[in-house]
Every structure is written in structure tokens, then in C-alpha cells.
Amino acid sequence: MADSDNSMTLPFVTRRRVLAGGMITSIALVLEKSALAGSAAATSALPDPALTLWREWETAHKLTERLCRKQQRLEMRLVESVGFPCVTVRLPESGDVTIHSIEALNEVLGKGPDMAALRRKAEADFASHQARWDAAAEEAGYTAALRAEREAGDRAEDLLEAFSTTPATTLAGVAGKLDAVLREGEAWEECSEFPWPQIRSALSDLERIGKQTMQEQFFHREQRPKLRKRRSGCCFRA
């Protein structure tokens, strides 16, 4: 049985990739101490709005990662037990074709009267499979997990966009902005494509400045596993 080239994106595949591991999760807090050290007036200064935003984004980002991993586990179980909604159609001249959406079905079979009977049967078979998937997804908690992941992801993305209009008033705020951009945008660890080397360099500069400002502080980056390249699916907005 051959898969169709016309298969559409599966309906329950999530839209954001998982960002595995943390990147510089302590640097912002350390740099905040560095920026305030030696300045008596700084103790009464207003909080850095960019750093406050970074803390909110960090919380939403980690929640999105946890929920995304949860719904992926549930999705895998559904695939093994029910299978993604699809239908296999036997075309007169092309043989068997597996189709994963009504849109792709209409594209393959067209609207002609000669395919009307085959199209009706295929639509009914697909609807039956979709109903089995929906029922199993609801029972397993996948539907709720997917909805929660989307909501958390939207919240994290809104906060990320807010960085562009939120001025930083400390080194920590600058570090927070760069940290969020790197962790959300870099396709894989040590990516050599622009602008990721430049962003990593800027973060290294901030670390060096922090060391010079507060010698007693130790700066280190948490190692993170290799990240998968971007794809349509988990951890992306549709």
C-alpha cells in the first residue's frame, strides 16, 4: 500500500517543537547582581522591566515544554492504538492511495460524477476513523493536553514578542532578552547560521563583563542536548 503524495498535515500533530534543556538559566540573575553591585543608588532603583518580562517568559516557556512532552507521549499511544485518521482509496489506474484529510481526498478524487460513489465511501470511512481518534483522544486526556500546550505556547510567544518593545535597564535585562531569543529560535545547539553565533558571542560578552564586575561570582552555562531542527508540529504556532 503506497502513501499518497497528496497527504495533508495530520490534524492532531502539534505546532511547536520541543526546546530541550535550558540555556543560561542562571546568567540573568547573576548579571542582575553584577549590575547592582557597588552602587548604593541601585538598591532603590525600579526593577528592570525586561528582566521581569524574562522571568514571566521563562515560566511560560518551561510550562510549554512540559505540556508538549506530555501531549507527545499521549499522541504516540494514540497512534499505536488507533492510528492517525486516514483512509485508503483504491484508484482505478493508480492502485491504493492512503489519504489523511478530507481536503486531500477531494484533491485526489476530484468532483467528477465518475468518482462520486468512491468519494462517498471514502468520506464515510475517513469520518469513522476520525470519530474513533477523537473519542480515544478525549478519553486519554490528549485533547485537553493539546489545548493546554497551545495556550501555554501562545502565552510564551506573546511574552517573547513583548521583548521587542520592552527596554532593558540593566545587563541582566539585556541577557534575558538574548537568552530568550536564543532558546526559542536556535534550531540546534551551536548552530552556525546567522544570527546564532553572534547572539552566543553577545551572551559571552555579558558573562565576561559580569566576571570583571563581580570577581567572586562564577559564571557558567548549562549544557543542553542537541535540539532537533525545526519542523511543522510541536512547539510551533500554526
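**Cysteines, a β-hairpin and a buried serine in a predicted model**

Cys-86 is partly exposed, with a relative accessible area of 22%, a value that does not fall under the 20% below which a residue is counted as buried. Cys-191, by contrast, is buried, its relative accessibility being 1%. The model in which these residues are described is a predicted one, and a search of the whole structure for disulfides returned zero.

In overall composition, the protein contains seven helices and three strands, which follow one another along the sequence in the pattern β-α-α-β-β-α-α-α-α-α. Of its 238 residues, 42% are buried, while the surface that the protein exposes amounts to about 13,100 Å², with 55% of this area supplied by carbon and sulfur atoms. Among contacts with a separation of 6 or more, 78% are made by residues 24 or more positions apart.

Strand β2, which spans residues 87–91, is joined to β3 in a hairpin that leaves three residues between the two strands. The pairing of β2 with β3 is antiparallel and extends over five bridges, and within this arrangement Val-89 is placed opposite Val-97 of β3.

Beyond the hairpin, Ser-101 is found in the loop that connects β3 (95–99) to α3 (102–109). Ser-101 is counted as buried because its relative accessibility, at 7%, is under the 20% cut-off. A polar atom of the Ser-101 side chain lies 3.0 Å from the backbone nitrogen of Ala-104.

Conventions:
Residues are numbered from 1 along each chain as its sequence is written. This is a predicted model: local features need pLDDT of at least 70, side-chain atom pairs count only at pLDDT 80 or more; totals for chains, interfaces and linings use all residues. Side-chain values use heavy atoms; hydrogens and water are left out. Helices (H or I, at least four residues) and strands (E, at least two) are DSSP runs, numbered from the N terminus. Buried means under 20% relative accessible area, exposed over 50%, partly exposed in between (1.4 Å probe, protein chains only). A polar contact is a pair of N or O atoms within 3.5 Å; within protein, one must be able to donate a hydrogen and the other to accept it, and residues adjacent in sequence count only if both atoms are side-chain atoms. Two strands pair if DSSP finds at least two bridges between them. A disulfide is a pair of cysteine sulfur atoms within 2.5 Å. Contact means heavy atoms within 4.5 Å. Accessible areas come from the Shrake-Rupley method with a 1.4 Å probe; for residues, only the protein chains shown count as cover.
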